Amino acid sequence: MAINPQITNLIIILGMMQVSKRIPFEDPQVLLGVRILYIVTNLVIAGLYLYLQNKINAKKDLTTLKYVEPPPMGSADEPKLITTTVHSYDSQQLRALWKSQLMGVGMMGVMHLYFQYTNPLLIQSIIPLKGAFEGNLVKIHLFGQPAIGDLKRPWKAAGGLMGMGGQGEPKSDKKSIEQAERAGSGGVKEE
């Protein structure tokens with residue numbers, strides 16, 4: 001039985017907070033070393049995402065993927081039928097990963113450069129790298145795991161704080177797809 005990634009993230013954060021209290025960030029050499037560590041981990045993640053993009057484009061899996069995307073939590077909208085390909089779905093997921101990583105770098109830049117916080121640099125050097133290697137795209141395209149079970153597309157949306165996501169999980173069972181087709185909600189193929 002594997003430990004939930006959110007629990008391990010919490011353990012890492014709490015441990016690194018204790019470690020960062022003992023690191024002399026006032027020393028310019030130490031601060032430079034932590035900054036370099038942060039930059040290197042982000043370059044590793046960028047390299048990983050570029051590699052994934054090449055693998056996804058090389059496979060160019062045009063297998064049709066149909067699923068019903070639930071409406072956002074609290075919305076009165078109907079569930080939407082999505083028809084796409086595995087290649088398009090993986091590319092869309094990779095774009096979301098890039099966007100998330102760039103948002104994290106932007107927020108860290110503001111926190112560090114504008115507000116002069118240094119402790120989060122150490123934590124943000126580890127957590128995003130760990131998260132990148134735990135992602136479904138990495139498991140399938142880098143580690144070669146088959147897309148079955150939890151890796152079967154469409155993937156469940158990553159839960160937010162304490163596993164409370166903003167919407168339900170996508171449904172790909174035949175009954176849900178037929179129901180959405182009858183309701184006429186979507187079905188237009190996304191490119």
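The crossing of helices α2 and α3 is left-handed. This is a predicted model, and the pair formed by these two helices is a convenient place to start reading it.

Helix α2 covers residues 28-59 and helix α3 covers residues 86-114; their axes come within 10 Å and cross at roughly 165°. Angles over 145 degrees count as roughly antiparallel, and α2 and α3 are therefore roughly antiparallel to each other.

The side of α2 that takes part in the contact includes L31, R35, Y38, N42, I45 and Y49, and further along L52, Q53, I56 and N57. From α3, the residues that meet α2 include H87, D90, S91, L94, W98, V105, M108 and H112. Sorted by type, the residues of this contact are 13 nonpolar, 8 polar and 2 charged.

One residue of helix α6 leads back to this pair. H141 lies in α6, which spans residues 136-141. A residue counts as buried under 20% relative accessible area; H141 has 6%, so H141 is buried. Its side chain makes a polar contact of 2.8 Å with the side chain of D90, a residue of α3 that also belongs to the contact with α2. Apart from neighbours within four places in sequence, H141 is in contact with L52, K55, I56, K59, D90 and R153. Of these, L52 and I56 are among the α2 residues that meet α3.

Helix α5, residues 127-134, comes next. Its residues I127, P128, K130 and A132 are buried. The elements covering them include α1 (5-21) and α4 (119-123), together with α2, α3 and α6.

Key: Residues numbered from 1 in each chain as written. Predicted model: local features only at pLDDT ≥ 70, side-chain atom pairs only at ≥ 80, totals over all residues. Heavy atoms only, no water. Axes fitted to C-alpha atoms, helices over the stretch in contact; angles between N-to-C directions. Helix = DSSP H or I, 4+ residues; strand = E, 2+ residues; numbered from the N terminus. Parallel < 35°, antiparallel > 145°, perpendicular 65-115°, else oblique. Left-handed = near helix turned anticlockwise from the far one by under 90°. Contact = heavy atoms within 4.5 Å. Nonpolar A, V, L, I, M, F, W, Y, C, P; charged D, E, K, R; others polar. Buried < 20%, exposed > 50% of the residue type's maximum accessible area, 1.4 Å probe, protein only. Polar contact = N/O pair within 3.5 Å; in protein donor to acceptor, adjacent residues only side chain to side chain.
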